[in-house]
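Visitor: I'm new to looking at protein models. Could you walk me through how to read one?

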Amino acid sequence: MATSPVYPMYPPNSGEGVLRHPHWWQLRWVRYGALITLLALSGLVILALVRRETGTEGFLVGLGLAVLPVPWLITAFRWLDRVAPFPWRNLVFAFCWGAFAAALIAIVANSFATRWIATSTADPASADTLGATVIAPIVEESAKAAAVLLVFLFRRRDFTGIVDGMVIAGITATGFAFTENILYLGTAFGTDRLTGGHGVVSVTAATFFVRIVMSPFAHPLFTTCTGIGFGLGALYGARGRARRVLIPLGGLLLAMCMHALWNGSATFGQYGFLAVYGTFMLPAFGLLTWLAIWTRQRELRTVREELPAYVLAGWLGPAEPFALGSMRARRMARDYARHHAGRPTARSVARYESCATALALLRQRGRRGRAGADFVVRERELLNELWQRREAARPALEYAARTAAPAPARTAWAPAPYGHAYVPGPGYGYGYAQGPGHGYGYPAAPYPSYNPYRG
């Protein structure tokens, strides 16, 4: 059994064991305040620009129509993220960045570049085509990718794989598409007011059908390629520095190419748009949907395979790996806790499920040699959170395991080959050989008998 300490010898921000006070710009409230201020100012500016382009009435019409696909897209990405959910603040940041900051960067940069090309070539038509097929994909995908990069750099613990990249990228693109749809729909409404168009033959109806009905997934589809690149980069951990840089760049380049093909479909002839939509967009959307579902199921399988090690060490109950590796069982556990002990207990069970998933994914990275230097500290933090919530979570998970699998005892809870403490050996074997009851101030019996939610 390893004897290395669970926590670092010195505080993380110290040099020789002496705690150093952070500079003012390193304070959390300063950074949060600056970020909120930046997004708020971006939102005010971009909304003012859009309202100036569309008029007040067109802005309100565009806003009412553009909001329609947003709840469906957000729900889809939240469903994908249910195995190891992102904190809400990360998702709110991603949506606001896409809707405000990325949209502002795009509208300013696209307008400037298109005007510069038109002035240089004295050909406004070619400038518009070049701006839509070359400039816009580069600028817009780069602006949206900035949100994924920021989460990847500053919320690294929450960003662990492909699903996380897809979720952050998709939410960011949903916000961007929301603001862009306000502009397009509001402009179409203004055109109808000038030309007298109305009903199903109006420009507004055509724009609504193409952007809201046929292709609400277009921007999320493009930017998800960037998210997948960052997700693959996250899987390599501290190793493979070149791959951690090149793979996200490759995903960004693929997103730009897909975006350029979609924008350029209008120049491919009378049926160019329908051809690109049927032969490229729909198959790409189906492929990424399959990849998202397959990756989600793979994460659940990782939970079932990695958590039995902590059952043997005494941290988890014997039925928990099965229950935590099934979304149906997880939902049943939360419903059971909510029915018998109220919403706070259900939230505690949900947090328990999230921490257990993070622990399983962390252990998998450690077994593959891709964990970071803070592996031990992070593992200890997750185990502490599980231990603090065991009284609320275990009755619900036991019930869910019994209901979802009538004979859970027949499941082979075999430990993974990676030796985690309970099997002495090299690698990431850092502690907990005796279970939580031995040391660290925990009770001697890690899994006592008790009545569910007594009192």
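**Reading the model together**

Guide: Sure, and let's begin with a charged pair: Arg78 and Asp81 form a salt bridge, with their closest N and O atoms 3.7 Å apart. Keep in mind that this is a predicted model.

Visitor: Are Arg78 and Asp81 buried or exposed?

Guide: For that you look at relative accessible area, and under 20% means buried. Arg78 has 19% relative accessibility, so it counts as buried. Asp81 is buried as well, at 1%.

Visitor: How many salt bridges does the structure hold?

Guide: There are 13 salt bridges. Take Glu381 and Arg157, whose closest N and O atoms are 2.6 Å apart. Glu381 sits in helix α14 (residues 375–388) and Arg157 in the loop between α4 and α5, so this pair ties together parts that are 224 residues apart in sequence. Glu381 is partly exposed at 27% relative accessibility, and Arg157 is partly exposed too, at 39%.

Visitor: Which other helices are tied together by a salt bridge?

Guide: Try Glu353 and Arg334, with closest N and O atoms 2.8 Å apart. Glu353 belongs to helix α13 (residues 343–367) and Arg334 to helix α12 (residues 327–341), so the bridge links parts that are 19 residues apart in sequence. Both Glu353 and Arg334 are buried. Salt bridges can also share partners: Arg157, Arg378 and Glu381 are joined into one network that way.

Visitor: How do I read a residue in a loop, like Thr160?

Guide: Ask where it is, how covered it is and what it touches. Thr160 is in the loop between α4 (124–154) and α5 (162–195). With a relative accessible area of 16%, Thr160 is under the 20% cut-off, so it is buried. Its side chain makes a polar contact of 2.7 Å with the side chain of Asp164. Beyond its neighbours within four places in sequence, Thr160 is in contact with Ala234, Leu235, Leu361 and Arg365.

Visitor: What about helices? How many helices and strands does the chain have?

Guide: It has 15 helices and 0 strands. One check you can do is on length. Helix α8 (residues 241–264) has 24 residues, so at 1.5 Å a residue it should span 34 Å; the end C-alpha atoms are 35 Å apart, which agrees.

Visitor: And which residues of α8 are buried?

Guide: Among them are Leu252, Ala255, Met256 and His259. The general idea is that an α-helix has 3.6 residues a turn, so residues three or four places apart point the same way. The cover over the buried residues of α8 includes α4, α7 (218–235) and α9 (272–306).

Visitor: Which residues make a nonpolar patch on the surface?

Guide: Leu130, Val134 and Ile138 make one of about 220 Å². Ile138 lies in helix α4, and with a relative accessible area of 41% it is partly exposed.

Visitor: How do I see that distant parts of the sequence come together?

Guide: Compare sequence separation with distance in space. Ala40, in helix α1 (residues 28–66), is 56 residues from Cys96 along the chain, yet their C-alpha atoms are separated by 8.8 Å. For the whole chain, residues 24 or more positions apart account for 77% of the contacts with a separation of 6 or more.

Visitor: Last one: how much of the chain is buried?

Guide: Of its 455 residues, 48% count as buried. The chain exposes about 22700 Å², and carbon and sulfur atoms supply 65% of that.

Definitions and conventions:
Residues are numbered from 1 along each chain as its sequence is written. This is a predicted model: local features need pLDDT of at least 70, side-chain atom pairs count only at pLDDT 80 or more; totals for chains, interfaces and linings use all residues. Side-chain values use heavy atoms; hydrogens and water are left out. Helices (H or I, at least four residues) and strands (E, at least two) are DSSP runs, numbered from the N terminus. Buried means under 20% relative accessible area, exposed over 50%, partly exposed in between (1.4 Å probe, protein chains only). A polar contact is a pair of N or O atoms within 3.5 Å; within protein, one must be able to donate a hydrogen and the other to accept it, and residues adjacent in sequence count only if both atoms are side-chain atoms. Contact means heavy atoms within 4.5 Å. Patches are made of residues with over 30% relative accessible area and no salt bridge: like charges are joined within 9 Å, nonpolar side chains (Val, Leu, Ile, Met, Phe, Trp, Tyr) within 5 Å. Accessible areas come from the Shrake-Rupley method with a 1.4 Å probe; for residues, only the protein chains shown count as cover. A salt bridge is a side-chain nitrogen of Lys or Arg within 4 Å of a carboxyl oxygen of Asp or Glu. The expected span of a helix is 1.5 Å times one less than its number of residues.
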